[in-house]
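Please examine the structure shown below and follow the explanation alongside it. The discussion turns to salt bridges, then to the surface, and then to the pockets.

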Amino acid sequence: MRLSTWIRQHLAALRALLTLTVITGIAYPLAVFAVAQLPGLHEKAEGSLLEANGTIVGSGLIGQSFIGADGAALAQYFQSRPSAAGDGYDPMSTAASNLGPEDILDTASRPSLLTTVCARSKEIADREGVDGSRPYCTKDGVGAVLSVIGPREADGDVAHPVQVVSVNEACPAQPFLDTYRGVRVDCAEPGRDYSVGRIVPIRGDAPEAPAVPPDAVTASGSGLDPHISPEYAAIQVARVAEARGVTEEQVRALVDKHTAGRALGFLGEPHVDVLRLNLELDQRHPYQG
């Protein structure tokens with residue numbers, strides 16, 4: 001290859017490098033920055049930060065907990081949905097629990113997803129004064145699951161059990177069910193493995209549509225969801241109104257104000273912006289407790 005050809009090729013490569021650097025490294029970032037300054041976009045580009053009394057209190061894009069120093073829900077605030085991101089709503093640990101509907105057996109290291117959901121439902125029901133019963137949950141807030149031990153049939157069923165254990169209720173707890181197929185139900189001895197039996201979840205007599213909605217007892221995929229369903233907001237109205245000394249109609253009006261419908265009329269579900277709702281409650285109806 002002649003030297004002149006080599007020089008021309010490298011000059012062409014250098015020109016391409018400089019051109020792409022100007023376009024992608026300077027012009028494009030400046031264009032994006034300029035568009036982000038347009039009215040209606042600037043706030044979102046800055047992180048949708050929200051202020052109260054001159055202090056940044058959060059982002060409209062990231063949920064947060066409204067709990068006291070003891071970890072209990074603050075009565076004057078609407079509560080967000082649960083979060084599996086770190087210790088809760090940690091942007092650096094955004095994640096889901098990765099547990100599915102088959103996670104129904106408690107272990108020594110952690111409760112099952114089923115028991116977690118049941119416990120949350122009972123806690124919310126006690127706090128809001130509603131019926132917290134839901135399918136496959138005991139009245140005490142654990143997963144209603146039995147280990148049925150005995151000879152297996154061809155289809156895997158145990159027609160004649162020799163022992164039945166409520167696997168998520170450790171002794172000396174009183175099992176949620178007295179008998180199953182004529183056999184007394186025992187509490188579970190801590191540390192013992194009951195997987196030899198057939199694992200049978202018991203639905204119970206809970207309503208098909210529980211009063212405590214699904215988003216109140218399950219975390220979102222990101223763990224950062226700033227919204228709750230209108231159904232979850234509705235069961236919190238009475239508590240918040242009582243704590244702030246206002247009428248339920250006044251609180252409900254603010255809930256309606258901060259409720260958004262489906263995007264484009266058909267995408268997603270209606271949702272309530274919890275942080276903005278709580279901030280306006282503080283502004284209009286300050287807590288006197």
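**Salt bridges, surface and pockets**

The side chains of arginine 252 and glutamate 248 come together in a salt bridge, with an N to O distance of 3.3 Å. The model in which this pair appears is a predicted one. The two residues are four residues apart in helix H6 (residues 248-257), and therefore about one helical turn separates arginine 252 from glutamate 248. Arginine 252 counts as partly exposed because its relative accessibility is 36%, and glutamate 248 is likewise classed as partly exposed, at 34%.

Another salt bridge joins the side chains of lysine 257 and glutamate 280, at 2.8 Å from N to O. Lysine 257 lies in helix H6 and glutamate 280 in helix H7 (residues 274-284), so this pair ties together parts that are 23 residues apart in sequence. Is each partner buried or exposed? Lysine 257 counts as exposed because its relative accessibility is 51%, a value that passes the cut-off of over 50%. Glutamate 280, in contrast, has a relative accessible area of 8% and is therefore buried, the limit for this class being under 20%.

Glutamate 280 also forms a salt bridge with arginine 284, and the closest N and O atoms of that pair are 2.5 Å apart. Because glutamate 280 and arginine 284 are four residues apart in helix H7, about one helical turn lies between them. Elsewhere, salt bridges that share partners link Glu123, Arg127, Glu128 and Arg239 into one network. The whole structure contains 17 salt bridges.

The surface also carries a nonpolar patch, formed by Trp6, Ile7, Leu11, Leu14, Leu17 and Leu18, which together have about 570 Å² of accessible area. Tryptophan 6 is located in helix H1 (residues 3-36). With a relative accessibility of 42%, tryptophan 6 counts as partly exposed.

The pockets remain to be described. The largest pocket has a volume of about 540 Å³. It is lined by 26 residues, of which Leu113, Leu114, Val117, Val217 and Thr218 are the closest to its centre. Which helix gives the most to the lining of the largest pocket? It is helix H3 (residues 113-128), with five residues. By class, the lining of the largest pocket consists of 16 nonpolar, five polar and five charged residues.

The second largest pocket has a volume of about 460 Å³. Among its 20 lining residues, Ser65, Ile67, Ser80, Arg81 and Pro82 are the closest to the centre. Helix H3 supplies the largest share of this lining, with four residues. The classes here are eight nonpolar, seven polar and five charged residues.

Note on methods
Residues numbered from 1 in each chain as written. Predicted model: local features only at pLDDT ≥ 70, side-chain atom pairs only at ≥ 80, totals over all residues. Heavy atoms only, no water. 1 Å grid on protein atoms, 1.4 Å probe; cavity = no way out; pocket = protein on both sides within 12 Å on 5 of 7 lines; lining within 4 Å. Points joined across faces, edges and corners; volume = space filled by probe spheres on them. Nonpolar A, V, L, I, M, F, W, Y, C, P; charged D, E, K, R; others polar. Patch = residues over 30% accessible without salt bridge, like charges linked within 9 Å, V, L, I, M, F, W, Y side chains within 5 Å. Areas by Shrake-Rupley, 256 points an atom, 1.4 Å probe, with all protein chains shown as cover. Salt bridge = Lys/Arg side-chain N within 4 Å of Asp/Glu carboxyl O. Buried < 20%, exposed > 50% of the residue type's maximum accessible area, 1.4 Å probe, protein only.
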